[in-house]
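Ready for a short walk through a structure? Keep your viewer open and your selection tool at hand, and we will go from stop to stop.

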Amino acid sequence: MRNWLVAVMMALVGPALAQTATPGTVLDAAVEQVIRPGMAAFETSAEGLETAVGALCTTPSTQTLAAAQDSFAQAAVAYGQIEFIRIGPLMDDNRVDRLLFFPDRKGIGLRQVQAILAEQDASAIDPATIASKSIAIQGFGSLEFVLYGTGFEDLATDAGAFRCQYGAAIAGNIAAIAGELVAGWNAPDGVAEHLMRPAAEYADYRTPVEALEELVGLVSHGIEATRDTRIKPFIASDGAAAKPKQALFWRSGLTMAMVGANIEGMRKLIEMSGVAREVEEKDKALDNSIAFEFSNAERALALITLPVEQAVADPKQTQALNYLVLVTGSLQALVGEQLSLALGLSVGFSSLDGD
Amino acid sequence: MWQRRAFLKAAGAGFAASLLPRQAMALERSELVFASSVQTSSGGFGAVLLGERGDLIASIDLPDRGHDITISREAGRGVVFARQPGTFAVVFDPAGREAPVTLTCIEGRHFFGHGVFSPDGGLLYATESDFEAAQGVIGIYDASDSYRRIGEFPTYGTGPHEMLLMPDGVTFVVANGGIETHPDYGRAELNLDTMDPSVVFVDRRDGKLVGQLRLDAGLHQLSIRHMAIDMRGRVWFGCQYRGAAGDSPQLVGYATMDGDIRLIELPRDTLLDLRNYVGSVAVSRDGARVAVSSPEGNLLVAIHAEGTRPVLVETLRNGCGLAADDTGFVATSGLGEMIGIDGADRSPKTFEFQFDNHMLRV
């Protein structure tokens with residue numbers, strides 16, 4: 001039965017994979033099948049988060065708290081799938097930092113959030129003013145502390161009223177930004193149009209090659225950022241002990257879920273756009289090599305089941321974390337160097353990482 | 001100018017792995033010498049000295065990727081700095097009499113890939129990051145005492161990149177790129193919302209701030225990175241933009257010690273071709289022309305310094321390294337090419353190694 005199913009699926013998928021994509025179809029697919037749906041999914045989950053935190057404030061209970069935490073996880077993971085798309089609206093108005101100020105090396109966000117809660121700062125719970133306050137207190141990092149940090153249990157009772165209102169203001173802000181991302185990616189003559197239909201008069205993308213360079217660069221840089229800011233900072237290295245509290249979302253236990261979302265988002269962009277299939281015959285194996293490494297990353301992720309504090313003390317899970325560092329390095333080289341070269345994009349020793 | 005015969009000795013002193021007969025002949029003929037960090041075809045890292053015609057004269061191995069090189073005739077030494085966030089610098093004897101020595105940053109600092117010698121060669125200075133404080137510093141090393149680090153000056157900003165010594169011999173100019181990074185997070189840029197790039201003039205004798213120049217506040221994401229000084233003592237700089245790709249701000253300008261800073265107007269097509277990225281800046285031998293490169297845009301632009309207008313635009317795939325030669329500029333690429341532009345009389349040459357972003361004329 002299973003073999004039969006596989007055979008049918010191969011027959012269905014095979015020709016689609018084999019067909020040669022063009023820059024135009026790659027760019028169209030990237031925007032229409034990956035980026036726009038990703039932004040829309042984030043908006044939907046962000047609205048769900050806003051609703052759930054609102055319900056928690058109206059009816060505080062352990063159930064509504066659990067529902068709000070659940071919605072947080074869904075919205076965070078939905079953002080995790082698109083946060084590497086650091087072009088267009090995500091880069092305007094500091095949205096990328098306002099949504100998630102991380103790494104926050106000096107703990108600015110935590111200090112400010114604790115001060116808001118301690119002083120019951122009324123300006124932080126006003127949906128109209130929160131967006132203009134510090135970028136470190138209005139996104140996922142702050143909301144994670146509200147929902148999971150010291151004192152979060154208060155949220156289940158009236159004692160957490162102010163804390164909940166602050167959480168609702170953050171959730172509302174996240175939903176508003178999500179709406180701006182969707183609007184930006186659907187705006188006429190906006191970044192989507194420029195990316196799909198590059199033209200000489202545009203400052204950002206004048207040719208299909210420049211647009212493809214952007215796509216490939218997003219994945220190459222995205223993998224690097226996931227490795228360097230979401231995995232390496234908390235695992236043991238060079239004789240230094242592991243620092244699990246440097247991990248993103250260690251309080252909520254969503255550290256590896258975010259890494260998984262990052263990887264999945266980038267995999268989708270490569271696979272659904274078909275960019276790695278738009279190469280000459282001699283480079284046709286690249287598409288498979290990239291898919292193989294993405295699968296290796298996903299297999300390693302599946303092995304890391306414990307919260308990071310325990311995972312870094314568990315030999316098998318530590319091994320999987322170290323392997324993730326290697327495999328993301330390999331993915332970065334495959335996409336940033338080999339695929340770029342195969343596509344004839346402007347890459348080389350001098351422009352790989354800027355300096 | 002380095003003595004040609006001195007280079008020949010390098011072959012016997014362990015400086016170069018080997019000098020083939022034709023390379024020895026190249027050395028005999030050489031007038032100019034260029035230096036650059038490279039990546040070899042096998043993936044290793046090194047630095048090379050090239051003759052006037054691009055003949056390989058000598059090479060040294062590096063433990064990791066190098067960036068810019070500075071050389072002092074007075075000290076009889078060259079130094080290759082690790083690319084950021086590297087922590088090594090290799091001091092070598094271009095004459096090959098002594099084996100290279102590797103310096104390591106002190107705890108809590110890393111290099112940014114650039115530095116200069118004092119005019120007498122007695123001190124070496126390097127741009128470094130005090131990454132816990134997110135502040136730039138100039139590390140000071142005593143050439144007469146095995147390059148012991150004897151102190152540091154502030155750069156009055158974050159993420160310093162290239163530094164040069166002004167013609168007066170007592171003032172440094174430093175480009176504070178404004179971008180905060182930390183070794184814990186690789187090359188991730190941690191402060192895009194609060195970047196504050198500047199050009200600073202710092203007194204070499206006491207580290208005091210002579211002057212600090214900033215572009216308009218609206219350009220706070222325009223990272224000022226590389227510089228060269230023209231015949232009038234103006235400091236030409238090239239920038240890399242970290243804001244939205246479609247903004248396309250001007251990327252090239254100059255600053256003066258009397259407090260002027262401005263961006264010049266490159267034509268829109270040329271500007272867009274630079275792709276928000278200038279990788280290096282050089283001034284011609286007579287100081288009248290400035291060249292800038294963009295490996296992202298595969299573009300080289302020569303600019304008339306007085307008229308502040310481009311006089312030549314040329315493409316070079318992944319081109320970044322730039323140095324003056326007698327009549328024009330030499331440009332090198334991350335794909336191993338070396339060409340002449342803007343009046344340089346030389347034929348293109350391709351090497352088996354890839355050039356890093358900077359080419360030094362010794």
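**Stop one: a pair of helices**

In chain A of this predicted model, select helix H2 (residues 23-58) and helix H9 (residues 208-231) of chain A: the two pack at an angle of about 45°, and their axes are 10 Å apart. Because of that angle, H2(A) counts as oblique to H9(A). Turn the view until one helix lies over the other, and you can follow H2(A) as it passes H9(A) in a left-handed crossing.

Now show the side chains where they touch. From H2(A), pick A:Pro23, A:Gly24, A:Val26, A:Leu27 and A:Ala30. From H9(A), the partners to pick are A:Pro208, A:Ala211, A:Leu212 and A:Leu215. Try colouring this set by residue type: you should find eight nonpolar residues, one polar and no charged in the contact of H2(A) with H9(A).

**Stop two: where the chains meet**

Next, give chain A and chain B separate colours. How many residues does each chain bring to the contact? Chain B gives 34 residues and chain A gives 25 residues. On the side of chain B that touches chain A, go to strand S28 (residues 354-361) of chain B, which supplies the largest share, three residues. Colour that side of chain B by type as well, and its residues divide into 11 nonpolar, 17 polar and six charged.

**Stop three: two cis peptide bonds**

Zoom in on the backbone between A:Phe102 and A:Pro103, which are joined by a cis peptide bond with omega of about 0°. To find your way there, look in the loop between helix H4 (95-99) and helix H5 (108-119) of chain A, where A:Pro103 lies.

Then move over to chain B. Here B:Gln84 and B:Pro85 are joined by a cis peptide bond, again with omega of about 0°. B:Pro85 sits in the loop between strand S5 (77-82) and strand S6 (88-92) of chain B.

**Stop four: two positive phi angles**

Back in chain A, select A:Asp93 in the loop between helix H3 (62-82) and H4. A:Asp93 is not a glycine, yet its phi is positive, about 50°. Is A:Asp93 buried, exposed or partly exposed? A:Asp93 is partly exposed, because 15 other C-beta atoms lie within 10 Å.

Finish at A:Gln120, in the loop between H5 and helix H6 (140-148) of chain A. A:Gln120 also has a positive phi of about 50° although it is not a glycine. With 13 other C-beta atoms within 10 Å, A:Gln120 is partly exposed.

Note on methods
Residues are numbered from 1 along each chain as its sequence is written. Chains are lettered from A and ligands numbered from 1 in the order in which they are written. This is a predicted model: local features need pLDDT of at least 70, side-chain atom pairs count only at pLDDT 80 or more; totals for chains, interfaces and linings use all residues. Axes are lines fitted to C-alpha atoms, for helices over the stretch in contact, and angles run from 0 to 180 degrees between N-to-C directions. Helices (H or I, at least four residues) and strands (E, at least two) are DSSP runs, numbered from the N terminus. Angles under 35 degrees count as roughly parallel, over 145 as roughly antiparallel, 65 to 115 as roughly perpendicular and the rest as oblique. A crossing is left-handed if the near helix is turned anticlockwise from the far one by less than a right angle, and right-handed if clockwise. Two residues are in contact if their C-beta atoms, placed from the backbone, lie within 7 Å. Ala, Val, Leu, Ile, Met, Phe, Trp, Tyr, Cys and Pro count as nonpolar, Asp, Glu, Lys and Arg as charged, and the others, Gly among them, as polar. A residue is buried if 20 or more other C-beta atoms lie within 10 Å of its own, exposed if 12 or fewer, and partly exposed in between; C-beta atoms are placed from the backbone.
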